[in-house]
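Work through the exercises below with the sequence and the model open. Try each task before reading its solution.

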Amino acid sequence: MTEMGAIVDKRMDIEFLIEEVGRVDTPRCVKYFGSNLKASVGLAARNTTGREVSSAGVTRDFSSTVTEATFPTKEYKLHRLDTPPASESTLTRDDALKFYQQMQTIRRMETAAGNLYKEKIIRGFCHLYSGQEACCVGMEAGIRPDDAVITAYRAHGWTYMRGVPVLGVLAELTGRISGCAKGKGGSMHMYTDNFYGGNGIVGAQIPLGAGIAFAQKYQGKDNVTIALYGDGAANQGQLFEAFNMAKLWDVPAIFVCENNGYGMGTSVERASASTDYYTRGDYVPGIYVDAMDVLTVREATKYAADYCRSGKGPILLELATYRYSGHSMSDPGTSYRSRDEVQEVRQKRDPIMLFKEKILTSNLATADEIKAIETEVRKTVEEGVKRAKADPEPPMELLYDHVFKDAPKDFTARTVDPFVNAESRQ
């Protein structure tokens, strides 16, 4: 009872604590709800009873979980800003399960894509997002569905987060008709509503993103555009031209450098005289974000979106993250970094592992709920792989579709119409 009293002193719900002590041994209860956890995560414990199906599709027993918990965010670094994003992030139970499901799906989807590439079912280029899941999941949670996103070619995770199902991603990678671009775009050209694709030309999406943000302002919309690039593109001249125009016109653009430490096989230290990418917008304010923590990313994105919506112009985020695979599937990723380096990140900083620990130790979810999500994700991805292998390729007659939008009837595009002979094209 002495230990129980110590826990009650933390001003937690008494019935909840009695149930917890009955469910686990006392030392573990103290470990979960003692002063260390209280200081580090600020657990807000409110008990709920009964069963319910979550937004992640998991039937949960709420009698042993809490409705929300508050966690500290990782420390931010600021450039030309007086106040940082929120130092705490409150996470609901539903969001906890949703974020975990999203990150698990992206990780398994990318693993499946890697295997399909090794089987030579995916051809061409293939750049995996494994290790960077907290970036797209956290940022998507900080904006609205009608906001715009444009990114580089490491785009599979973002494509999924913008609403394309697993099948739509995997089938596009395999060049099948079920793909989000009917199998004609492949890894580097995936699109959907308010997602302007993964772009194959290094850095070229940043001027495009500035243009999308300009259009939003010109049309009087209350929206923002996230334009992402990697550290390998951070020294491109076109980025700085886009920064200049965006700030000159104060367009609602969030420029995001997903810094995974390596541009192809070159470390950031060997490529950039200044590796403080969040400061390199000069007159554009910036924030350094630990992007291995999904909640820190979410709070930084909310802050940036509010900044842009208020009419203050563009802002730059540097998301410090890590990729487990090589630059692309043709790169083993071990000639310029050690296997020990990759393993250390996997074991100590993996975004999915860290988030799983958060939601379990704060009692936002049970181990059974986590297992159920993982089982469902595995099933979804396996079904997607099966369809992506079996579905037909787009027929030849679709090759010239979607060249022009809303083309009039009988419209002929010179040089691209298959039924016009070569002489008439001169």
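**Exercise 1. A loop residue before the sheet**

Start with Asn194: is this residue buried, partly exposed or exposed?

Solution. The model is predicted. Take the relative accessible area of Asn194, which is 29%. Buried would need a value under 20%, and exposed a value over 50%. Asn194 is therefore partly exposed. Next, place the residue: Asn194 sits in the loop between α8 and β7. Then check the backbone. Asn194 is not a glycine, yet its phi is positive, near 60°. Most residues other than glycine have a negative phi.

Now find Lys182. This residue belongs to the loop between α8 (166-173) and β7 (195-198). Its phi is also positive, about 60°, and Lys182 is not a glycine. With a relative accessible area of 42%, Lys182 is partly exposed.

**Exercise 2. The open sheet**

Give the strand order of the seven-stranded sheet, and say which strands stand at its edges.

Solution. Read the order across the open sheet: β4-β12-β13-β9-β8-β6-β7. The pairing is mixed. β4 (77-79) and β7 each have a single partner strand, so one side of each lacks a neighbour in the sheet. These two strands are the edges. On average, neighbouring strands are turned by 20° against each other, direction ignored.

**Exercise 3. Following β8 and its neighbours**

Work out how β8 pairs with the strands beside it, and name the bridge partners of Ala227.

Solution. Begin with burial. Strand β8 covers residues 225-230, and five of its six residues are buried. Go to one side: β6 (residues 148-151) pairs with β8 in the parallel sense, over three bridges. Here Ile150 has Ala227 of β8 as its bridge partner. Go to the other strand: β8 and β9 (residues 253-259) are also parallel, with six bridges. Ala227 faces Phe255 of β9. Trace the connection last. From β8 the chain passes through helix α10 (residues 237-248) to β9, a right-handed β-α-β crossover.

Continue from β6 to β7. These strands run parallel and are joined by two bridges. Val149 is bridged to Phe195 in β7.

**Exercise 4. Helices on the sheet**

Which strands does α6 lie across, and which strands does α9 touch?

Solution. α6 lies across β8, β9 and β13 (315-320). Its direction makes about 145° with β13. Helix α9 (residues 205-218) packs on the sheet as well, touching β6, β7, β8 and β9. Relative to β8, α9 runs at about 170°.

**Exercise 5. Two helix pairs**

Describe how α5 packs on α6, then do the same for α8 and α15.

Solution. Two packed helices are described by the angle between their axes and the distance between the axes. For α5 (residues 93-118) and α6 (residues 133-142), the angle is about 140° and the axes are 9 Å apart. Angles over 145 degrees would count as roughly antiparallel. The pair is therefore oblique. Its crossing is right-handed. On the α5 side, the contact uses Phe99, Gln102, Met103, Ile106 and Arg107. α6 contributes Glu133, Ala134, Cys136, Val137 and Ala141.

Now take the second pair. The axes of α8 and helix α15 (residues 367-390) come within 9 Å and cross at roughly 35°. This crossing of α8 and α15 is right-handed. From α8, the contact involves Val166, Leu167, Leu170 and Ala171. From α15, it involves Thr380, Val381, Gly384, Val385, Arg387 and Ala388.

**Exercise 6. A contact across the chain**

Which residues does Thr83 contact, leaving aside its neighbours within four places in sequence?

Solution. First locate Thr83: it lies in the loop between β4 and β5 (88-92). Its relative accessibility is 48%, so Thr83 is partly exposed. Setting aside neighbours within four places in sequence, Thr83 contacts Leu78 and Tyr303. Thr83 and Tyr303 are 220 residues apart along the chain, and their C-alpha atoms are separated by 10.0 Å.

Finish with the whole chain. Among contacts between residues at least 6 apart in sequence, 70% join residues at least 24 apart. The chain has 426 residues, and 51% count as buried. It holds 15 helices and 13 strands.

Notes: Residues are numbered from 1 along each chain as its sequence is written. This is a predicted model: local features need pLDDT of at least 70, side-chain atom pairs count only at pLDDT 80 or more; totals for chains, interfaces and linings use all residues. Side-chain values use heavy atoms; hydrogens and water are left out. Buried means under 20% relative accessible area, exposed over 50%, partly exposed in between (1.4 Å probe, protein chains only). Helices (H or I, at least four residues) and strands (E, at least two) are DSSP runs, numbered from the N terminus. Two strands pair if DSSP finds at least two bridges between them. A crossover is right-handed if, with the strands pointing away from the viewer, the path from the first strand over the helix to the second runs clockwise. Axes are lines fitted to C-alpha atoms, for helices over the stretch in contact, and angles run from 0 to 180 degrees between N-to-C directions. Angles under 35 degrees count as roughly parallel, over 145 as roughly antiparallel, 65 to 115 as roughly perpendicular and the rest as oblique. A crossing is left-handed if the near helix is turned anticlockwise from the far one by less than a right angle, and right-handed if clockwise. Contact means heavy atoms within 4.5 Å.
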